[in-house]
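Here is a quick tour of one protein model, taken a few features at a time. Have a look at it first, then read on.

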Amino acid sequence: MSGIAAIVSCLDGYDPDALRVDTAREAVRACLSPLTDTEVVKVRDALGRVLAQEIVPGIDVPSHDNSAMDGYAVRFSDLQENHPLREIGTALAGKPFAGKLGAGECVRVMTGAVMPAGADTVVIQEVVKRTADRISVPPGQKKAQNVRYAGEDLKIGVPVLAPGKFLRPAEIGLIASLGIGEVRVKRRLRVAFFSTGDELASIGSKLKEGEVYDSNRYTLHGMLARLGVEIIDLGVVRDDPAALEAAFRKASQYDAVVTTGGVSVGEADFVKQLMAKLGEVLFWKIAMRPGRPMAFGKIRNSYLFGLPGNPVAVMVTFYQFVRDALLHLSGRTDDYALPLLKAVSSENLRKVPGRTEFQRGVLFHEGGEWKVRTTGQQGSGVLRSMSEANCFIVLEHERGKVEAGELVPVQIFESLV
């Protein structure tokens, strides 16, 4: 035994005919090798990319002590005398006060203005009483209040971003604050996908008897687009060995390929033979609902994810296995796992121990707490259940039926689907 079969066979609890969800995730992860190719892009174009270099500040941010508020820069020692202070000038952001504070003096400052020499505290303008060029400051002020110090945000020589970081707007702004105009990132992961089946019709054509429109390619395209990968749509491939072999050979030039259909019992015989011919692919029966059949492996240098054909099963298996795998392949090292939150089930839920179920749910706030209910019919072909839902209700492997009022884990769809 060699290759991926040898890797996954060593995992505790590995059983391809009854594979737990958590073991399947571990098996996939154990076989993946993240991208190493990089490129340099403009900072503005780095949004949504994966950082491939360490970011080390060459300057302090902020570069000088400055005021955090509009008000008056003072010497804290003068406030102890409780005498009016004389205003001797103004400091604006980008236009510092040129002099130095002496005893009993103050300077009007705006937010971001360099702290005048001799000042150590800023009193906000709202509490100050002003008469001509004199101000009175109420008691209760604290030394160094409302002052931002040089290097308080970022310090010269102290690394702030590590390779593998996903670049969001905050990271883009942080890099720009250091005056860096270009940054090295991982190249985009290239992912091909196609649907299989003689029953699939393309949008725009008239349905023949027994045909259905191919929705899976559209949901797959949407899910992949959310991950920021380069997408290659190879269309619909008929249940013909020659056509499938050509599609797999073409797809194998990319980093990963995602297919739908052709992995269930009874329809996978020639597919298995074909995949064995082109690479190494494992067929699993995962202890989950929906989405029991799944294939995973490699064809040449491309990772293959063979998903079921039913629309909901496609989405569930994508989010539970493919999403994390593709993000790992992209080189991300930050925590991108989908969090499990707790909500109160507002209804009884049917569940059989021995499998993980991903029921489509509606999370809502009522009576001061978060509750969840199902969308109703939970069949793996009912795509409407995904459209109406805003979360997965994740019922654990060992769990049985759920009574109304019990806490259940949920995965929120927002920013996911």
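Let's start with charge pairs: a search of the whole structure finds 24 salt bridges, each being a side-chain nitrogen of Lys or Arg within 4 Å of a carboxyl oxygen of Asp or Glu. Bear in mind that this is a predicted model, so local features need pLDDT of at least 70 and side-chain atom pairs count only at pLDDT 80 or more, while totals for chains, interfaces and linings use all residues. Residues are numbered from 1 along each chain as its sequence is written, and side-chain values use heavy atoms, with hydrogens and water left out.

**Salt bridges**

Side chains of opposite charge can pair when their charged atoms come close. Three of the pairs are listed here.

| Acid | Base | N to O distance |
|---|---|---|
| E171 | K165 | 3.9 Å |
| D214 | R217 | 3.1 Å |
| E396 | R399 | 3.3 Å |

How covered are these partners? Buried means under 20% relative accessible area, exposed over 50%, and partly exposed in between (1.4 Å probe, protein chains only). E171 counts as buried because its relative accessibility is 6%, whereas K165 is partly exposed at 25%. In the next pair, D214 is buried at 3%, and R217 is buried at 14%. As for the last one, R399 is buried at 16%, while E396 is partly exposed at 29%. Beyond simple pairs, R20, D22 and E398 are linked in a network of salt bridges.

**A negative patch**

Some acids have no such partner. D198, E199, D239 and D240 form a negative surface patch; patches are made of residues with over 30% relative accessible area and no salt bridge, with like charges joined within 9 Å. For this purpose Asp and Glu count as negative, and the place of a charge is taken as CG of Asp or CD of Glu. E199 belongs to the loop between strand 11 (190–196) and strand 12 (200–201), where strands are DSSP runs of E with at least two residues and helices are runs of H or I with at least four, numbered from the N terminus. At 34% relative accessibility, E199 is partly exposed.

**Backbone oddities**

Where are the cis peptide bonds? One runs from V61 to P62, with omega near -5°, and P62 sits in the loop between strand 1 (38–42) and strand 2 (66–67). Another joins R289 to P290, again with omega near -5°; P290 is in the loop between strand 17 (288–289) and strand 18 (293–299).

Positive phi turns up in residues other than glycine, too. N82 has phi near 60° and lies in the loop between helix 3 (76–79) and strand 4 (85–91). N82 counts as exposed because its relative accessible area is 56%. For A132, phi is near 55°, and the residue's loop connects strand 7 (129–131) with strand 8 (134–136). A132 is exposed as well, at 65%.

**Cysteines and one helix residue**

How many disulfides are there? The count comes to 0, taking a disulfide as a pair of cysteine sulfur atoms within 2.5 Å. C31 is in none, and the nearest cysteine sulfur, that of C10, is 10 Å away. C31 is buried at 8% relative accessible area, and C106 is buried at 0%.

Finally, A242 is part of helix 6 (residues 241–251) and is exposed, with a relative accessible area of 53%. Its C-alpha atom is separated by 9.4 Å from that of L274, 32 residues apart along the chain.

Definitions and conventions:
Patch = residues over 30% accessible without salt bridge, like charges linked within 9 Å, V, L, I, M, F, W, Y side chains within 5 Å. Areas by Shrake-Rupley, 256 points an atom, 1.4 Å probe, with all protein chains shown as cover.
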